[in-house]
Amino acid sequence: MTDMHELGRESRIGGTGTEKARAVAVIDLSDYEARKAEIADALWQAATGLGLFQVTGHGIPLGQIEEAFTLTEAFFSQPTRAKAALPLRPGTNAGWEFKSQIRPSTGTPDQKESYQITRPKMEGLWPDPSALPGFRDRMLAFERANWKVAMRILDAFALKLGFAPDFFAAAHDPESPDYQSTLRLIHYLPMTDALPEDFRGWRASAHTDFDCLTLLHQKTGQGGLQIAPGAEAETGEWTPVEPVTGVITCNIGDMLMRWSDDRLLSNPHRVRMPRRDEYLGPRYSMPFFAQANRDVVLQGPGRKYPPITAGDYIAERIRANYDALEMKKE
């Protein structure tokens, strides 16, 4: 059964709103095993407040991140016919899409194109190796590097929630055919030749993520990401999140919010259009969505919600979004 609270949530977080400065925690993950308790405390404080934080000392070399951005730009620079040969298939979260993601908060398409990499679903969806040499192997290595960082952060949350060590790593087993974590490459379209009315839209309108944890790579100078805690998204007070190449921005997703009995907060975020006096070129980002394998049963330590598999949970959230969009049309 679709949760009516979830059905209505994203439809209430539209609007323009104002900017409000809030502290975004920057947490150093280095020397994790020796500092685990300290790091877990810092992550918990950030995740039970703003629901978003940034991490350094994560172990992914800056060169590997910059290489992934270079490959991302090369992928989207391909002719449309080459990208269209790798279509996003319903129910797979793998492949290329163009302006097809519509959020209930606005009912309009996000102004972007994206390419999803979900390991078990990639047959026939990799670009021609002669056009992009090394793309597949390097992106799979980058995906795995992000998985390792995500599992380290989730391991800290497991400590605070009373779950066993490696609880979340087992739930996100990348060798399982039920693996459904995704690396997404995103190209937000340039605004250099945009019409005045185009600036009234959204690069990505307000939403929450369905997953457990999102790791987002951004490039210095390519801003626009904003977040608002809970009800403040409805009143329109949004906080900008500064992009820095090499610093990973993380946010809690709906799945982990449920799994933690609502103690960890999945808060709305969005990517606004640039202002005319700002950088108007293309914006690239690379989020990794850690979401538990389809067959994993979700239930928090306090059993606030009935058990549900991660596959069924994602299906319900997708259905709730569809229902919210249909309601918006009425």
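Which residue in β10 does Glu 19 stand opposite? Select Glu 19 and look across: Trp 238 in β10 is the one facing it. Keep that pair on screen while we set the scene.

**Before you click further**

What you have open is a predicted model, where local features need pLDDT of at least 70 and side-chain atom pairs count only at pLDDT 80 or more, while totals for chains, interfaces and linings use all residues. Residues are numbered from 1 along each chain as its sequence is written, and side-chain values use heavy atoms, with hydrogens and water left out.

Now show the whole chain as a cartoon. There are nine helices and 15 strands in it. Both are DSSP runs numbered from the N terminus: helices are H or I with at least four residues, strands are E with at least two. Of the 330 residues, 54% are buried. Buried here means under 20% relative accessible area, exposed means over 50%, and partly exposed is in between, using a 1.4 Å probe and protein chains only. Take the contacts between residues at least 6 apart in sequence: 78% of them join residues at least 24 apart. A contact means heavy atoms within 4.5 Å.

**Stop 1: the five-stranded sheet**

Back to Glu 19. Select β1 (18–19) and β10 (residues 237–240): they run parallel and are joined by two bridges. Two strands count as paired if DSSP finds at least two bridges between them. Now add the other members of this open sheet, which has the order β1-β10-β9-β12-β7 and mixed pairing. At the edges you will find β1 and β7 (202–207), each pairing on one side only.

**Stop 2: His 269**

Stay in this sheet and pick strand β12 (residues 269–272), where His 269 sits. His 269 is buried, with a relative accessible area of 6%. Show what surrounds it: leaving aside neighbours within four places in sequence, its contacts include Ser 205, His 207, Leu 225, Trp 238 and Asn 251. Then find the backbone oxygen of Asn 267, which lies 3.2 Å from a polar atom of the His 269 side chain.

**Stop 3: strand β3 and its partners**

Select β3 (residues 52–56). Is this strand enclosed or open? Four of its five residues are buried, so β3 is largely enclosed by the rest of the structure. Next, show β2 (residues 26–28), which runs parallel to β3 and is joined to it by three bridges. Val 26 has Gln 54 as its bridge partner in β3. Then bring in β11 (residues 248–252), which is antiparallel to β3, with four bridges between them. Here Phe 53 is partnered by Cys 250.

Add helix α2 and trace the path: β2, α2 and β3 make a right-handed β-α-β unit. Right-handed means that, with the strands pointing away from you, the path from the first strand over the helix to the second runs clockwise.

**Stop 4: Asp 41**

While α2 (residues 32–47) is showing, click on Asp 41, which belongs to it. Asp 41 is partly exposed, at 43% relative accessible area. Its side chain has a polar contact of 2.6 Å with that of Lys 160. A polar contact is a pair of N or O atoms within 3.5 Å; within protein, one must be able to donate a hydrogen and the other to accept it, and residues adjacent in sequence count only if both atoms are side-chain atoms. Try Leu 159 too: it is 118 residues away from Asp 41 along the chain, yet their C-alpha atoms are separated by 9.7 Å.

**Stop 5: the rings**

Colour the aromatics. The whole structure has 11 aromatic pairs. Why is Phe 167 with Phe 168 an edge-to-face pair? The ring centres are 5.0 Å apart and the planes are at 85°, so the pair gets that label. Rings of Phe, Tyr and Trp (its six-membered ring) pair if their centres lie within 6.5 Å; planes under 30 degrees apart count as stacked, over 60 as edge-to-face and the rest as tilted. Phe 168 is buried at 1% relative accessibility, whereas Phe 167 is partly exposed at 28%. For a cluster linked by ring pairs, select Phe 75, Phe 76, Tyr 115, Trp 126 and Phe 135.

**Last stop: two loops**

Select Asp 261, in the loop between α8 (254–259) and β12. Asp 261 has a positive phi of about 60° although it is not a glycine. Finish at Arg 303, in the loop between β14 (297–298) and β15 (308–309). Arg 303 has a positive phi too, about 55°. Buried or exposed? Asp 261 is buried at 12%, and Arg 303 is exposed at 61%.
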